[in-house]
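Got your viewer open? Grab the mouse and follow along, one selection at a time.

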Amino acid sequence: MTTENIQSATQHSFWNDTGKTGISSWIFSTDHKRIGLLYFYSTFGFFLVGVLLGLLIRIELMAPGRTIMGAQTYNALFTVHGVVMIFLFIIPGFQGSFGNLVMPIQIGARDVSFPRLNLFSWWIYMIGAVIVLASLFTGGGPPDTGWTFYVPFSARTGTNVSLAVLGVFVIGFSSILTGLNFVTTIHRLRAEGMTWWRLPLFTWSLYATAWIQILATPILAITLVLVAAERMLGTGLFDPSRGGDPVMYQHLFWIYSHPAVYIMILPAMGVISDIVPVFSRKPIFGYKMIAFSSLAIAAAGSLVWGHHMYTSGMSDTAVLVFSFLTFIVAIPSAIKVFNWVTTLYKGSISLEAPMLFGLSFILLFSIGGLSGLILGAAATDVHVHDTHFVVGHFHYVMFGGTGFAFFAAMHYWLPKFYGRRYAEKPAVVSWALMFTGFNVLYFTMQVLGMQGMPRRYYDYLPEFATLNLVATAGSWILAAGLVIMLVNLFRGLWWGAPFEGNPWGGATLEWSIPTPPPTENFIVEPVVTHGPYDFKGSGIP
Amino acid sequence: MSHAAHKDYAGAKLGMWLFLFTELLLFGGMFLLYAVYLKRYPEEFAAGGQQLNWIMGGANTVILLTSSLFAAMAVTAIQREERKRAVGLICGTILCAAGFMVIKYFEWSAKIGHGIYPGSEHLKAGPPGESVFFSLYYMTTGIHGLHVLIGGALLGWIATRVKAGAVHAGDFVLLENGALYWHLVDLIWIFIFPLYYLVL
């Protein structure tokens, strides 16, 4: 295909559909694809900010004592790293970018149910993000409480916690609105023949995620309002000297923030469920069980928040119950892992970049999940609570899990929307570097935690020095891989070779439409006659 | 987009109901704190409840129930294409909202006049349970009052849309959703009123 032809195909795509040009054709567009890309670039931009902060933390911890910054700066740094990564990247990231880009097409719809509300969500997200950023440079300086804003410290510290929680509160609105938009869309706008059991598993996972966003986020909202009231009005609801109870803050906070972990991981599992069958040339094994396990994770995951609080002074009964429920969540998670692995069995596996990232998701998520069980069991948790073991654990799940799935989705879907592709070899090299660096960094952290190194400490004993140096070296390998991946991916998307048709051989609807997709997605309204992984039925060799 | 002609009423209402869930859960957080602290400080809560004026609270309950009735009647009116009556009824709801806020103002200022407000010296000197009770009272009724204001403003805007003819018997989902939101504001008060004014 010549460049001319690409351009003529591009002319009918969503890239040049509006009379408007420049930035206003993006920031005022109600097209789900444009909003998806807005979300992608804004959330991913914040991801890179978070990465930089993380690298700085690792440099500080490279050797005992002061390396490059003072203790207060360090406190602010790990707080902002957490706030940016969690509230500005990983929670809005998947739903906002790939959810918006792909989900309406996967169900055969022209757009989401409420396109204007969708754009509004992005605006609220940006406003919240700006408020969070403003909190870094105004008032008493960047918050230093950790991303959890635990009282009583968050009620007393002189840093700018009030503005930061306001920003997170505002972003919560955006999350709720996206959630209700997606639930409504999936209920109402499925194309003819797109039954519930023909929904692609990515859409299923978004559906489960959207419910958590709707049901859990309001609790975070009220919790943050109460913290702000504590600071500004002196309500004393969490202040023991005034009759309040700080543990109640922790309950309320984790009632949201634990389910939020599943907001972060479920869409990632959905991506893997879409990628594994395509690159194994085999229908997914246990489709219904994977769909069901998404809902089961969403439901059971809402009942386990107490496992963050084993050492906070809950009753032993509560600890037992929460520990038991935590182990229950492992079942649907394991169902997914077993089904992915079974899909691979006797498949004709092609190890292209999306699949490599996808497979590493399965491995890294499994390590993260199993280390989670160590933390979920009360007896072992007491020993490793608030150590680097916890930091290693959740980075395995959040970065090794969601992060790698996000990279997989970037390599799998972005070429579809750009009509151009990246080079395969550098993508594989970058994957290998990141995978290596990741494990050097975070597995070392888990070992450090087992040896007793606490998290969030500025300084440490000399016996932890070697492993900390190893972990920091890992972070550089990881960062090098990330840079190569980004350069290769974006150079490909903007100037690379044409990408057309259905090169991966996917059977979901997004692969049946022109590349890049036209504004209305479908030239004729689709009638769905086969399942999302029925490769034979859709005539894919 | 060129496809605005197709409007999904069931979808619009589903979206609204989902939003109402989130509002219930928002207040749920405060009801949860109420439950825990009531168990911890039953006597102080009882003493605090005695100090609240149940006549004013009762009056506000009647006002909100009436306002909800007006909102429901406005929806029926628009279905019968009686636009003027619908606007009048919505204005009735907004008047009730204003009345509610006026009574709330007198209630709060009386309490504040007695030195009872979050962080006040009076509460700091008293038993901790009392401080917790009144802080919760102010937060819960305050956030509810904010919802009354938002609901009133929302209905005011909808009234102008009805007047302009944008909302009519063939397309009244905006008014219906506005009324749903108002019923929620009412419903939450129906829980706040007995919990703070009656059962203690």
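Here is a short tour of one helix pair, one interface and one whole chain.

A word before you click: this is a predicted model, where local features need pLDDT of at least 70, side-chain atom pairs count only at pLDDT 80 or more, and totals for chains, interfaces and linings use all residues. Residues are numbered from 1 along each chain as its sequence is written, with chains lettered from A and ligands numbered from 1 in the order in which they are written.

**Stop 1: two helices in chain A.** Select residues 71–106 of chain A (helix α4) and residues 161–188 of chain A (helix α7); their axes come within 11 Å and cross at roughly 20 degrees. Because of that angle, α4(A) is roughly parallel to α7(A) (angles under 35 degrees count as roughly parallel). Axes here are lines fitted to C-alpha atoms, for helices over the stretch in contact, with angles from 0 to 180 degrees between N-to-C directions. Helices are DSSP runs (H or I, at least four residues) and strands are E runs of at least two, numbered from the N terminus.

**Stop 2: where chain A touches chain B.** The contact takes 31 residues from chain A and 27 residues from chain B (residues are in contact if their C-beta atoms, placed from the backbone, lie within 7 Å). Now color α8(A): this helix gives the largest share of chain A's side, 10 residues.

**Stop 3: chain B.** How many helices and strands does chain B have? You should find seven helices and zero strands. Zoom out, and the C-alpha trace of chain B spans about 65 × 30 × 25 Å along its principal axes.

Conventions: Angles under 35 degrees count as roughly parallel, over 145 as roughly antiparallel, 65 to 115 as roughly perpendicular and the rest as oblique. Two residues are in contact if their C-beta atoms, placed from the backbone, lie within 7 Å.
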